[in-house]
Amino acid sequence: MQADFQGATVLVTGGTRGIGRAIVESFADAGANVAFTFRSSTDAAADLVETLEGQGTEALSLQGDVADLDAAQAHVDAVVEHFGAIDVLVNNAGITRDGLMLRMTEDDWDAVIDTNLKGVFNFCKAAYMPMMRQQSGAIVNISSVVGTTGNAGQTNYAASKAGIVGFSKSLAKELGSRNVTVNVVAPGYVQTDMTDELDDDTQEAILDNVPLDRLAEPHEIAEAVLFLASPAAAYITGHVLHVNGGLSM
Ligand code: NDP
């Protein structure tokens with residue numbers, strides 16, 4: 001897509017790898033100033049900043065846990081101070097801690113809900129005031145097909161991803177009058193470190209149910225995010241855009 005984000009400032013959580021990195025790179029290619037967060041992969045973060053700056057993009061990397069509200073506030077404050085605004089927020093950071101309910105621990109539950117759902121709350125809360133004051137903004141939250149379909153062994157993950165949908169629709173209603181849109185991209189299975197963890201049998205079983213007969217590439221998810229953040233989608237809010245190769249219709 002040829003959306004023009006020249007001069008816009010974008011913050012992406014979990015930008016060092018996989019889908020997040022593709023989103024960062026796509027916004028940079030479209031002319032945006034890009035800030036991204038990460039939790040622990042400092043080398044990948046440094047490498048990404050170097051790559052972005054090498055192509056003339058203003059870039060800022062921020063280390064912290066999305067589950068920490070104070071850190072989220074500090075990150076948004078840093079973006080506004082550095083770039084003067086926050087035009088687009090993409091809540092992408094997420095983890096899995098899979099296991100059947102019988103064996104799932106409280107820690108598995110808390111870690112996934114805190115990262116995937118509370119992390120979205122934290123960054124939206126931090127970006128709320130700057131976007132209200134600007135009277136403009138676009139928030140795109142990354143859910144998952146399993147938030148709609150459910151998946152055995154992923155009660156924690158599916159709950160977090162379904163929660164993102166209800167959260168986003170509610171926030172869209174709160175922020176609509178301020179010209180701030182809130183939308184969701186729900187990917188199917190995407191070729192990243194997260195799906196590399198799945199064994200061959202599981203990957204084959206997934207592909208049996210995907211009409212397009214392949215996993216998505218991270219940049220194909222990024223395309224959907226850029227569309228929802230672009231002026232072309234200015235009248236779209238509270239929407240869930242499924243990008244899953246037909247896995248769920
Ligand atoms: P990856 O595991 O490849 O990358 C995850 C990113 O999130 C990394 O940058 C990681 O940082 C960051 N991150 C993880 N936990 C935290 C945390 N607590 N605080 C800050 N940053 C954190 O994930 P994917 O690219 O595969 O997934 C990205 C999003 O897309 C997730 O929300 C995921 O649930 C969703 N999704 C993925 C699908 C897939 O098939 N891959 C399918 C559907 C949805 P670091 O590098 O420092 O660890």
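This report describes the ligand site and an aromatic pair in a predicted model.

**Ligand site**

The ligand sits in the largest pocket. Its shell consists of 31 residues, and the closest of these are T16, S40, S41, Y157 and T192. Three helices, α1 (residues 18–29), α6 (155–175) and α7 (193–196), each supply at least two residues of that shell. The most comes from α7, which gives three residues.

Backbone atoms of R39, N92 and V190 lie opposite oxygen atoms of the ligand at the distances tabulated here.

| Residue | Atom of the residue | Atom of the ligand | Distance |
|---|---|---|---|
| R39 | backbone N or O | oxygen | 2.9 Å |
| N92 | backbone N or O | oxygen | 2.7 Å |
| V190 | backbone N or O | oxygen | 2.7 Å |

Taken alone, the ligand exposes 900 Å², and the protein buries 97% of that area.

**Aromatic pair**

A pair of aromatic rings is described by the distance of the centres and the angle of the planes. The model has one aromatic pair. This pair is formed by F5 and F27, with ring centres 4.9 Å apart; the planes stand at 80°, so the pair is edge-to-face, since an angle over 60 degrees counts as such. The two residues are 22 residues apart and link distant parts of the chain: F5 belongs to the segment before β1 (9–12), whereas F27 belongs to helix α1.

Are the two partners buried or exposed? F5 has a relative accessible area of 4% and is buried. F27 also counts as buried, at 0% relative accessibility. Both values fall under the 20% cut-off for a buried residue.

How values were computed:
Residues are numbered from 1 along each chain as its sequence is written. This is a predicted model: local features need pLDDT of at least 70, side-chain atom pairs count only at pLDDT 80 or more; totals for chains, interfaces and linings use all residues. Side-chain values use heavy atoms; hydrogens and water are left out. Rings of Phe, Tyr and Trp (its six-membered ring) pair if their centres lie within 6.5 Å; planes under 30 degrees apart count as stacked, over 60 as edge-to-face and the rest as tilted. Helices (H or I, at least four residues) and strands (E, at least two) are DSSP runs, numbered from the N terminus. Buried means under 20% relative accessible area, exposed over 50%, partly exposed in between (1.4 Å probe, protein chains only). A residue is near a molecule or strand if one of its heavy atoms lies within 4 Å of it. A polar contact is a pair of N or O atoms within 3.5 Å; within protein, one must be able to donate a hydrogen and the other to accept it, and residues adjacent in sequence count only if both atoms are side-chain atoms. Accessible areas come from the Shrake-Rupley method with a 1.4 Å probe; for residues, only the protein chains shown count as cover. On a 1 Å grid over the protein atoms alone, a cavity is a set of points where a 1.4 Å probe fits but cannot get out, and a pocket is an open set with protein on both sides within 12 Å along at least five of seven lines; lining residues have an atom within 4 Å of a point. A molecule sits in a cavity or pocket if more than half of its atoms lie within 2 Å of its grid points.
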